[in-house]
Amino acid sequence: HETPLLVNVEYDSFDDYYKLLSKSSKKNYKYSMKHNSNLTYQHIDYDDRLVMFFMELWEHQIIHGKKKQWPLGYGFHIRDLGEKGILKVFVATDESNTATCLQFVEQWDDYIFCHCPLFDKNMFNESYIAKYMWFNLIKFFINSDVKNLDLGGGQRGDWCELIKNRKDHDKIRYKWTFVTDDIKNNPDKQYPWKVKRDGHYGRRSLV
């Protein structure tokens, strides 16, 4: 079992979600929107060439001090998830309609497992483009059939334990920007979710 890091999206509007964020999270939202105001965020059909380009770009960059390989294979797995509609792809495009950032997520019924936004860190890291993508992803799924976005907590117990011990895990600290204060301040009121993976396609579900 893996540990989820959950953003609940069961709100009537993004504003209802935004009101529950911390002051620092609200500042992050405003900054990321302002400094990426030239970009257009959109959900697109699965594009094999574009997805592979950004996956390869990400593998050739230094992430947390070293290069990392994708746990998901380029070929059959990613392509098959995309063609079956399980993989949802989102991009930010500039004025010339060139994709500057791409993010894909896996939708398993009302649960979304999220992969990180992919972009050229040398060109766009200072613009908060990753946070721009995360906030827009949340906005996209609010008031939909989806209940939770899972930003990925790793192997750190259940959801309640992760909330209580969140300050101990530097690598995922930035993800708490997107979790509302009512959840962060009341871990014992949350359900101790874990993530189960099974099946041919690595289906994920909360248990």
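Where is asparagine 97 found?

1. **Asparagine 97.** This residue is in the loop between β3 and β4, the latter being residues 99-108. The model is a predicted one. Phi of asparagine 97 is near 65 degrees, a positive value, and the residue is not a glycine. Most residues other than glycine have a negative phi. Its relative accessibility is 58%, so asparagine 97 counts as exposed.

2. **Tyrosine 128.** Here too phi is positive in a residue that is not a glycine, at about 60 degrees. Tyrosine 128 sits in the loop between α5 (121-124) and α6. Its relative accessible area is 32%, which means partly exposed.

3. **Helix α6: extent and end.** The helix covers residues 129-141. From first C-alpha to last, its 13 residues reach 19 Å. That is close to the 18 Å expected at 1.5 Å a residue. Asparagine 143 follows α6, with a positive phi near 60 degrees.

4. **Helix α6: burial.** This helix is mostly covered, with ten of its 13 residues buried. Among them are Ile129, Tyr132, Met133, Trp134 and Phe135. Asn136, Leu137, Ile138 and Phe141 are also on the buried list.

5. **Lysine 131.** One residue of α6 to check is lysine 131. Why does lysine 131 count as buried? Its relative accessibility is 17%, and the cut-off for buried is under 20%. Beyond its neighbours within four places in sequence, lysine 131 is in contact with Asn28, Ser32, Thr177 and Phe178.

6. **Nonpolar core.** The largest nonpolar core has 63 residues. Tyr17, Phe104 and Leu149 have the most contacts inside it. Which element gives the most to this core? It is α6, with eight residues.

7. **Aromatic pairs.** The structure holds 18 of them. One is formed by phenylalanine 90 and phenylalanine 140. The geometry is edge-to-face: 4.9 Å centre to centre, with 75 degrees between the planes. Phenylalanine 90 lies in strand β3 (residues 87-93) and phenylalanine 140 in α6, so the pair ties together parts that are 50 residues apart in sequence. Phenylalanine 90 is buried, at a relative accessible area of 0%. Phenylalanine 140 is partly exposed, at 39%.

8. **Ring cluster and lysines.** Ring pairs also link Tyr11, Phe14, Tyr17, Tyr18, Tyr29, Trp134, Phe135 and Phe178 into a cluster. Two lysines lie over rings from that list. Lysine 26 is over the face of tyrosine 18, 5.5 Å from the ring centre. Lysine 139 is over the face of phenylalanine 14, at 4.8 Å from the ring centre.

9. **Leucine 21.** The loop between α1 and α2 (23-34) holds leucine 21. Is leucine 21 buried or exposed? Leucine 21 counts as buried, at 4% relative accessibility. Leaving aside neighbours within four places in sequence, its contacts are Lys26, Phe135, Thr177, Phe178, Val179, Thr180 and Asp181. Two of these partners appear above: Phe135 and Phe178 belong to the ring cluster. As for phenylalanine 119, its C-alpha is separated from that of leucine 21 by 26 Å, with the two positions 98 residues apart along the chain.

10. **Valine 9.** This residue lies in the loop between β1 (6-8) and α1 (14-18). Valine 9 is buried, with a relative accessible area of 1%. Which residues is valine 9 in contact with, leaving aside its neighbours within four places in sequence? They are Ile138, Phe141, Ile142, Asn143, Val146, Lys147, Asn148 and Leu149. Ile138 and Phe141 are buried residues of α6. Alanine 130 is 19 Å from valine 9 in space, C-alpha to C-alpha, and 121 residues apart in sequence.

11. **Helix α3.** Residues 48-59 make up this helix of twelve residues. The reach from first C-alpha to last is 17 Å, close to the 16 Å expected at 1.5 Å a residue. What caps the N-terminal end of α3? Aspartate 47 does, with a side-chain oxygen 3.1 Å from the backbone nitrogen of arginine 49. The buried residues of α3 are Leu50, Val51, Met52, Phe54, Met55, Trp58 and Glu59.

Definitions and conventions:
Residues numbered from 1 in each chain as written. Predicted model: local features only at pLDDT ≥ 70, side-chain atom pairs only at ≥ 80, totals over all residues. Heavy atoms only, no water. Helix = DSSP H or I, 4+ residues; strand = E, 2+ residues; numbered from the N terminus. Expected span 1.5 Å × (residues − 1). Buried < 20%, exposed > 50% of the residue type's maximum accessible area, 1.4 Å probe, protein only. Polar contact = N/O pair within 3.5 Å; in protein donor to acceptor, adjacent residues only side chain to side chain. Phe/Tyr/Trp six-rings, centres within 6.5 Å; stacked < 30°, edge-to-face > 60°. Lys NZ or Arg CZ within 6 Å of the ring centre and 35° of its normal. Core = buried A, V, L, I, M, F, W, Y, C linked by side-chain atoms within 4.5 Å. Contact = heavy atoms within 4.5 Å.
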